[in-house]
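Trainee: Could you walk me through this one? I'd like to go from the whole chain down to single residues.

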Amino acid sequence: MAALVAAEAAAPPGPAEAAETAEAAELSRALSRLLPGLEADSKLSRRRALEALQRAIEAAWPEEPAAESAAAAAGFQGPWARLLLPRLLRCLADPAEGCRALAAHLLGLGLRRAARPRDALPRLLPALVARLAGPESERGRPPETCEELRLALVQLLGLAVRLGGAALAPHLDDAVRVLRCTLLDPFAAVRRESCQCAASLARATPDHVHMQSESLIGPLMQSISHQHWKVRVAVIEATGSVIQFGSGKSVDDVLPHFAQRLFDDVPQVRQAVTCVVGGWLLDLRDRYSFFHKLIPLLLSNLEDDIPEIALAAASLWEKVGLQWQRENEDDLKDKLDFASPPPAHHPSPDNRPGLGCRELVFRNLSKILPAICHDVTDWVAGTRVKAAQLLAVLLLHAEDHVTQHLEVVLRTLHRACADDDRAVVRSGTRSAELVGAFVSPEVFLKLVLPALKKSPSPSGLLTLASIVRGCPREALRPHLTLIATELARPHICQGSENVQETMDALAAAQDIDGRQDLYREHAGPLVEWLAASHHDWTVHSAELLQFVVVVNHAGPALGEVLPHLVPVLRSCLQPSRDPQMRLRLFSSLSRVLLSAKQTVDSQGHFHHYLDTVTKDILVPNLQWHAGKTAAAIRTAAVSCLWALISSEVLLDEQIRKVQETLMPQILTSLEEDSQMTRLISCQIINTFLKTSGGVAGADKLVKVYPELLKRLDDVSHEVRLAATSTLVTWLACVRSDNDAKSCYQSHIQFLYRELLVYLDDPDSTVQDAVLEVLKAGSVLSPELLARETEAVVHKHRSPALCQQLLQHLQAQPPAQ
């Protein structure tokens with residue numbers, strides 16, 4: 001090695017080296033003495049050689065006048081390119097981390113001091129690829145394992161780009177290959193440095209980078225959501241330069257990611273998006289093709305919470321408008337020469353956007369509005385807020401040109417005004433006021449009123465109210481009668497939205513102590529008035545909505561209006577009426593029956609209407625009819641019955657009367673497909689049996705237990721357990737019927753045999769429940785139960801429960 005270095009140092013000078021100074025020759029000799037140490041086997045020796053090289057290079061350049069710096073660089077060029085560069089590049093692969101770090105530092109030192117740093121690029125770039133990218137299959141794991149060294153090498157690449165400038169063009173493939181890896185490096189600092197390097201590369205090679213820039217967009221977009229905000233900012237800024245000086249084809253790939261960064265929690269990130277997008281609108285080569293995509297991003301930040309960002313966006317937008325205005329002066333000549341004043345009712349005439357800004361919005365509005373209409377219904381609240389805010393900004397720019405797009409705008413406003421987020425509603429009403437200010441009432445009323453007439457909604461009313469609020473009074477005055485007539489239509493003015501707040505306000509206006517007293521005073525005349533039209537009701541009738549509100553909210557006042565209330569319910573709940581209306585009424589009836597003492601029975605008169613409720617309302621609706629809607633109505637009717645008998649307003653005698661009427665229908669409902677219906681039916685039968693005791697009659701009782709036994713095979717665990725509980729009650733009824741016990745003998749034997757089958761059920765909770773049933777029924781015929789149990793004990797998978805039952809029977813006192 002020493003001989004090779006000496007030969008290189010003593011070789012005849014070529015044309016490039018002929019002008020070497022005496023100082024350069026001395027440096028060459030000094031380097032020749034130190035370079036052999038780089039090939040030493042010892043890590044320590046190699047490190048000492050590198051440290052000595054560093055001292056030699058730094059000592060060769062003491063502080064000197066600037067005039068001599070060019071000569072010194074020229075003198076350093078020869079030893080650097082001939083002796084140092086190739087050996088330092090080899091040291092980048094040294095096994096020792098410290099040696100690799102020193103080599104990277106010396107390479108940077110050499111690039112800064114050489115007269116022609118671009119001459120090093122053909123050898124430097126491949127070496128960096130080897131250390132940072134490696135073979136294609138190993139991109140995920142770069143050969144350089146040290147994070148700090150990868151950072152140093154990327155910094156070295158950035159230095160080469162800055163010093164080499166356009167000379168990087170032949171080496172773009174290598175540089176891009178490195179950056180595609182380092183832009184995804186696990187070390188955040190490496191990513192940031194790679195972003196700066198990518199931006200520098202794009203600026204240094206504007207005539208060539210367009211061939212490679214698209215390959216950098218993928219890694220950049222993978223890093224744009226990095227957890228470190230400084231990385232996100234660096235990515236956005238680098239993307240701006242790569243697309244600015246590279247290929248504009250990547251704008252479409254980048255915009256969705258930029259749009260997401262508008263919601264970034266860190267202001268610096270949003271500021272970066274603002275600056276980059278504004279720069280594109282000013283300087284991108286084919287920016288006219290992307291105006292309709294870039295304008296929304298910039299205008300969205302006019303409403304940013306941080307004043308500095310909003311001001312930056314406003315400043316950039318003003319520049320964009322003025323530049324476009326200058327570029328299109330011929331097209332705008334008439335508008336420039338005869339500038340129109342702001343509309344008379346412009347909300348901020350002193351801050352009216354410039355002509356260029358207004359024209360840009362107007363000419364691109366048709367392409368922007370569909371996206372806003374879509375985003376205002378997005379499931380993410382932040383997206384809806386941004387879309388609603390942007391709509392207001394666009395309308396402020398479009399002024400009367402919005403008339404051409406009024407149908408889409410109104411559809412968007414209806415959706416915004418119906419939103420749950422107050423910020424969306426606030427921006428929606430602000431936009432509606434702008435529509436009123438810029439659009440003639442003759443135009444907007446032709447669209448707003450028919451839609452409101454066809455399908456009234458709170459959002460439609462709020463939109464109309466906001467438009468009217470923004471409309472000039474003198475322009476609106478001729479149309480007041482038309483607007484009032486439409487608003488006075490029953491299906492609009494009698495809607496039930498916001499009824500609680502309205503009721504409270506009405507009670508306060510009448511000096512009444514709360515809405516309950518208001519209902520008590522007016523519920524009678526109101527229900528009587530509604531009853532006049534109940535024969536024509538459907539689920540869509542406004543009167544039905546009002547009736548339901550009265551039923552749901554009148555409370556104790558219902559007990560005073562039963563003579564009007566019950567006939568309406570009886571008529572509207574007949575099987576011939578609208579099924580959806582019946583479902584809605586049953587839901588309300590169930591609710592008030594659950595709290596009957598505080599509602600329909602507040603005066604203690606509900607029992608007078610019991611026959612009507614059971615025979616005229618419940619019986620018809622419990623009859624079986626095909627279809628899912630009919631099944632839902634039967635479920636609702638069963639729920640109503642359960643609410644009635646569990647409300648504690650009926651005496652036992654009244655419940656027995658209900659039982660005589662409805663027991664056949666309830667037994668049939670045990671076969672319903674609805675699990676809820678079957679479960680509630682079991683509970684109703686249980687209550688009926690507990691209330692009737694032993695007075696139901698043997699002929700009626702024997703019809704009950706077979707239906708309950710079927711429920712022990714139910715697919716629902718809850719229904720099976722409810723059936724066992726009801727069987728216990730049934731057995732208690734049989735036990736209390738002393739006059740007819742002999743009538744039950746054969747039924748008791750059949751019941752024992754069936755229950756013993758379920759005593760071996762796979763479900764342990766069912767086994768336990770059945771055991772309790774058998775224990776409860778054992779008093780009826782213990783000897784019979786013992787014989788039946790002994791006959792099947794050997795058939796059970798586990799005889800434990802049978803033995804437990806036999807032990808219970810043995811402990812019983814002898815039957816009397």
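What follows is a set of questions and answers on this predicted model.

Trainee: Let's start broad: how many helices and how many strands does the chain have?

Mentor: Keep in mind that we're reading a predicted model. The secondary structure here is helical, with strands at zero. The helix count is 41.

Trainee: Is the chain spread out or a compact globule, and what is its radius of gyration?

Mentor: The C-alpha atoms fill a box of roughly 135 × 90 × 45 Å along the principal axes. For 816 residues the globule rule gives 28 Å, and the chain's value is well over that, so the chain is more spread out than a compact globule. The radius of gyration is 44 Å.

Trainee: What share of the residues counts as buried?

Mentor: Start with the outside: the accessible surface comes to about 38100 Å², and 53% of that belongs to carbon and sulfur atoms. A residue needs under 20% relative accessible area to be called buried. Out of the 816 residues, the share that passes is 52%.

Trainee: And among contacts between residues at least 6 apart in sequence, what percentage joins residues at least 24 apart?

Mentor: Here a contact is a pair of residues with heavy atoms within 4.5 Å. Take the ones at least 6 apart in sequence, then ask which of them join residues at least 24 apart, and you get 71%.

Trainee: On to charges: how far apart are the mean positions of the positive and negative ones?

Mentor: The chain carries 83 positive and 96 negative charges. Take the mean position of each set, and the distance between the two is 4 Å.

Trainee: How many salt bridges does the count come to?

Mentor: Side chains of opposite charge can pair when their charged atoms come close. The cut-off used here is 4 Å from a Lys or Arg side-chain nitrogen to an Asp or Glu carboxyl oxygen. By that rule the count is 30.

Trainee: Which residue pairs with Asp264 in a salt bridge, and is Asp264 buried or exposed?

Mentor: Asp264 has 6% relative accessibility, so it counts as buried. The N to O distance in its salt bridge is 2.6 Å. The partner is buried as well, at 15%, and that partner is Arg261.

Trainee: How many residues apart in helix H17 are Arg363 and Glu359?

Mentor: Their side chains meet in a salt bridge at 3.1 Å, N to O. Arg363 is partly exposed at 38%, while Glu359 is buried at 4%. Within H17 (residues 355-375) they are separated by about one helical turn, so the spacing fits: four residues.

Trainee: Which residues share the salt-bridge network with Glu671 and Lys710?

Mentor: Glu671 and Lys710 form a salt bridge at 3.8 Å, N to O. This pair links distant parts of the chain, 39 residues apart: Glu671 in the loop between helix H33 (652-669) and helix H34 (675-692), Lys710 in helix H36 (residues 705-710). Both are partly exposed, Glu671 at 42% and Lys710 at 41%. Salt bridges with shared partners join these two to Arg678, Glu707, Arg711 and Asp714.

Trainee: Which helices are included in what covers the buried residues of H29?

Mentor: Helix H29 spans residues 562-572, and its buried residues include Leu562, Leu565, Val566 and Cys572. The cover over these buried residues includes H27 (515-531), H28 (542-553), H30 (579-594) and H31 (610-622).

Trainee: In the loop between H9 and H10, which residues does His208 touch beyond four places in sequence?

Mentor: That loop also holds Thr205, which is buried at 1% and contacts Gly165, Ala166, Leu168, Ala169 and Leu172. His208 is partly exposed at 38%. Its C-alpha is 9.5 Å from that of Leu168, 40 residues away in sequence. Setting aside neighbours up to four places away, His208 touches Ala169 and Leu172.

Trainee: Last one: what is phi of Glu399, and what is phi of Glu648?

Mentor: Most residues other than glycine have a negative phi. Glu399 sits in the loop between H18 and H19 and is buried at 5%, whereas Glu648 is in the loop between H32 and H33 and is exposed at 62%. Phi is positive in each case: near 50 degrees for Glu399 and near 65 degrees for Glu648.

How values were computed. Residues are numbered from 1 along each chain as its sequence is written. This is a predicted model: local features need pLDDT of at least 70, side-chain atom pairs count only at pLDDT 80 or more; totals for chains, interfaces and linings use all residues. Side-chain values use heavy atoms; hydrogens and water are left out. Buried means under 20% relative accessible area, exposed over 50%, partly exposed in between (1.4 Å probe, protein chains only). Helices (H or I, at least four residues) and strands (E, at least two) are DSSP runs, numbered from the N terminus. The radius of gyration is taken over C-alpha atoms; the globule rule is 2.2 Å times the number of residues to the power 0.38. Accessible areas come from the Shrake-Rupley method with a 1.4 Å probe; for residues, only the protein chains shown count as cover. Lys and Arg count as positive and Asp and Glu as negative; His and the chain ends are not counted. The place of a charge is taken as NZ of Lys, CZ of Arg, CG of Asp or CD of Glu.
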